[in-house]
Amino acid sequence: MPDTLAPELKPPVRILMGPGPSDVHPRVLAALAASTVGHLDPYYLALMNDMQAMLRSLMRTTNRMTFAVSATGSAGMEATVVNLIEPGDAMVVCVNGVFGGRMVDVAQRAGARLTRVDRPWGAVFEPADLADALAKAKPKVVGIVMAETSTGAWQPIEEISRLVHDAGALLLVDAVTALGGIPVEVDRWQIDALYSGTQKCLSCPPGLAPISFSDRAMEVILARKTKVQSWYLDASMLAKYWGEERVYHHTAPINMTYALYEALRLIHEEGIEACHARHMRNHRALAAGLAALGISYAAAEGHRLPMLNAVWIPAGIDDAAVRGMLLSRFGIEIGGGLGDFKGRVWRIGLMGHSSRANNVFTFLGALEQLLAERGHRFEHGASLAAANEAYATAASAT
Ligand SMILES: *Cc1c(COP(=O)(O)O)cnc(C)c1O
């Protein structure tokens, strides 16, 4: 027993507008506090089924192996890679930001013979960028990030999927930030393995990684010559827990499953298209506001994610000071740059429950105050007017 009792738990209420975690919906917080049942309780087993059904519908898939890995998004990455790759298998990974780079590391640790294809940060991959690597490496798996949270770039998947399958490979997609914010079409785009995370556009705390394997991917996994290196993430064993048999594998994080269940109910209640449209509407308003302050985007025009706005920090403005004041004066968290973008970009998230007009206006108003204090020149109030204009245009279009 320490001499004095540690302080009472009293986390401040923040406005989470960074690259994740994002604001948790109050109904999701309430779900977390519901009473815990056993992980083989009939109530929980029924809840798992309903949660899986809602996940399949959000991912637009009929894949039976659609479930949630009991850990964060990176564990989803690890689960897809270590199940599909046996030591010595060829894999191509597309890298245009931090998370493609992380996938390279995970694949190398799994023993992949790795070919890395690079594009500049902020750019996306065209099918032609992959043609050479596919012809030379003849990969078993190609990995790509759909929503690169470090740069705000939106990677189209459909055409690349065609090329990958023509080359006889499986397609692995990182949809950690994508799912819930932009359309993800697992079956139509023939994605073989896809993973996400609860704390980006699903309005949950971090803790689960929704994941889906196509039947083709499961055949490959069940035909492995070697055991999956990770006992915890072995999909053949997880299939017995998440499938009909419900064989105990590990104690599922029951209350996090409640949270994801409620978060998925919220999205289905709103409507999947309406949810995507909300993300786009708030993004356009924020983008209009930032443009009025002379702030521009790091990602290529036409490939900007609505939920992650990576923007160049205005010249002469101190990155850390502004982010510090946003937090201390206004309770607003935004993200700084990672890797190549460190000190050069701000990452403003409008993900899940964070994607609200309240947040757009609060943030723009706060930013105007901090920029004005630092001598950045702009017409005061212009960002709020521009955001209002964008909302009015969106309203008259519907
Ligand atoms: C956040 C993120 C991850 C990692 O997820 P964690 O939940 O932090 O483990 C992976 N990929 C992308 C694109 C992400 O945005």
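**Exercise 1.** Determine which polar side-chain atoms approach the ligand and how much of its area the protein covers.

*Solution.* Start with Q199, which has a polar side-chain atom 2.7 Å from an oxygen atom of the ligand, a polar contact being a pair of N or O atoms within 3.5 Å. On its own the ligand has 380 Å² of accessible area (Shrake-Rupley method, 1.4 Å probe), and the protein covers 90% of it. Next, an N or O atom in the side chain of D174 lies 2.7 Å from a nitrogen atom of the ligand, while the side chain of T72 places an N or O atom 2.7 Å from a ligand oxygen. Finally, 13 residues surround the ligand (a heavy atom within 4 Å), and S74, T149 and K200 are among the closest.

The model is predicted, with local features requiring pLDDT of at least 70 and side-chain atom pairs pLDDT 80 or more, whereas totals for chains, interfaces and linings use all residues. Residues are numbered from 1 along each chain as its sequence is written, and side-chain values use heavy atoms, without hydrogens and water.

**Exercise 2.** Work out the strand order of the sheet and explain why β2 and β4 each have one side without a neighbour.

*Solution.* First, the seven strands (DSSP E runs of at least two residues) form an open sheet with mixed pairing, in the order β2-β10-β9-β8-β5-β3-β4, where pairing requires at least two DSSP bridges. Then, β2 (65-69) and β4 (113-118) stand at the edges with a single partner strand each, so one side of each has no neighbour in the sheet. Lastly, β9 (193-195) and β10 (209-213) pair in the antiparallel sense over three bridges, with L194 opposite S212 in β10.

Technical notes
Polar contact = N/O pair within 3.5 Å; in protein donor to acceptor, adjacent residues only side chain to side chain. Helix = DSSP H or I, 4+ residues; strand = E, 2+ residues; numbered from the N terminus.
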